Amino acid sequence: MKRIYLLILFFLIFYAANISYGIAAEPTSKDLTNIPKIPLIDHQEELKKHYGEIVNTLGKISEIYLYEARLNDAIKLLNSDILDILYKELSAEDRIRLHLKRGKILIHKSWIEFTGLDDSIKELNEAERITRQINNKALSGEVFNQLGIGLYSKAFFFDSSVMTTAMKYLKDALEIRQDL
């Protein structure tokens, strides 16, 4: 019982001390006018730069995995949760690079495992959609080139009806690259 009284006494003394120093008192409008304004720092540009670095680094690692015949690791890396979390924060250019890298790795996987190219073409179509929104010639050329390769592979292995579309993309990629 003594402990409870001591605890209550401690809180009363603590509360009284805070009131006398103005800590627990409600601020008045006069008090609020004297508060110095802290400048807000916009870190968004810095964050976007780091997000881009993450995409570039993971893209380079996935390419190394590709050349080391570690396709499944490359695909897991490019489909990792960190990229899903960051996706909405990425710039349009970084989103395009991510879809391009995923599409390229999936094309290679289909060549090795003789699987369909639908997933790779889906990734590349998303890259193309974003590219059309931002009108970036260099990235458009790369997207068209990878789409052409993906569709050409599909035409060669599975469905010859997409050969005309594949050749159109490859031609468009060549024209863009010649203009640059």
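# A first look at an all-helix chain

Leaving aside its neighbours within four places in sequence, Glu128 touches Val143, Phe144, Leu147 and Tyr169. That charged residue is a good way into this structure, which is a predicted model. The chain has nine helices and zero strands, and 33% of its 180 residues count as buried. Below, we start at Glu128 and then visit the cores, the pocket and two loops.

**Glu128 and its surroundings**

- Glu128 sits in helix H7, which covers residues 118-134.
- Is Glu128 buried or exposed? Its relative accessible area is 7%, and because buried means under 20%, Glu128 counts as buried.
- The side chain of Glu128 also has a polar partner: it makes a polar contact of 2.5 Å with the side chain of Arg132.

**The nonpolar cores**

- In soluble globular proteins, nonpolar side chains tend to be buried together.
- Here, the largest nonpolar core has 19 residues. Those with the most contacts inside this core are Ile96, Leu100, Val143, Phe144, Leu147 and Leu151.
- Val143, Phe144 and Leu147 may look familiar, since they are among the contacts of Glu128.
- Helices H6, H7, H8 and H9 (163-179) each supply at least two residues of this core.
- Which helix gives the most to this core? The answer is H8, with six residues.
- For a closer view, pick Ile96: beyond its neighbours within four places in sequence, Ile96 is in contact with Ala127, Ile130, Thr131, Ile134, Leu139 and Val143.
- There is also a second, separate core of 16 residues, which includes Tyr51, Leu71, Leu77 and Leu78.

**The largest pocket**

- Rolling a probe the size of a water molecule over the atoms shows where empty space is left.
- The largest pocket in this model has a volume of about 190 Å³. It is lined by 13 residues, and the closest to its centre are Asn56, Gly59, Arg97, Leu100 and Lys101.
- Leu100 therefore appears in two settings, as it is also listed among the residues with the most contacts inside the largest core.
- Three helices each supply at least two residues of the lining: H3 (44-67), H6 (92-113) and H8 (137-157). The largest share, five residues, comes from H6.
- What kinds of residues form the lining? They divide into five nonpolar, three polar and five charged.

**Lys101, beside the pocket centre**

- Lys101 belongs to helix H6, and is one of the residues closest to the centre of the largest pocket.
- Not counting residues up to four places away in sequence, Lys101 touches Gly59, Ser62, Glu63 and Leu78.
- With one of these, Glu63, there is a polar contact of 2.5 Å between the side chains.
- Lys101 and Ala127 are 26 residues apart in sequence, and their C-alpha atoms are 9.9 Å apart in space.

**Two loop residues with positive phi**

- Ala69 lies in the loop between H3 and helix H4 (71-78). Its phi is near 60°, a positive value in a residue other than glycine.
- How accessible is Ala69, and what does that make it? Its relative accessible area is 67%, and because exposed means over 50%, Ala69 counts as exposed.
- Phe114 is found in the loop between H6 and H7. Although not a glycine, Phe114 has a positive phi of about 55°.

**The chain as a whole**

- Contacts often link distant parts of the sequence: among those between residues at least 6 apart, 61% join residues at least 24 apart.

Technical notes. Residues numbered from 1 in each chain as written. Predicted model: local features only at pLDDT ≥ 70, side-chain atom pairs only at ≥ 80, totals over all residues. Heavy atoms only, no water. 1 Å grid on protein atoms, 1.4 Å probe; cavity = no way out; pocket = protein on both sides within 12 Å on 5 of 7 lines; lining within 4 Å. Points joined across faces, edges and corners; volume = space filled by probe spheres on them. Helix = DSSP H or I, 4+ residues; strand = E, 2+ residues; numbered from the N terminus. Nonpolar A, V, L, I, M, F, W, Y, C, P; charged D, E, K, R; others polar. Buried < 20%, exposed > 50% of the residue type's maximum accessible area, 1.4 Å probe, protein only. Polar contact = N/O pair within 3.5 Å; in protein donor to acceptor, adjacent residues only side chain to side chain. Contact = heavy atoms within 4.5 Å. Core = buried A, V, L, I, M, F, W, Y, C linked by side-chain atoms within 4.5 Å.
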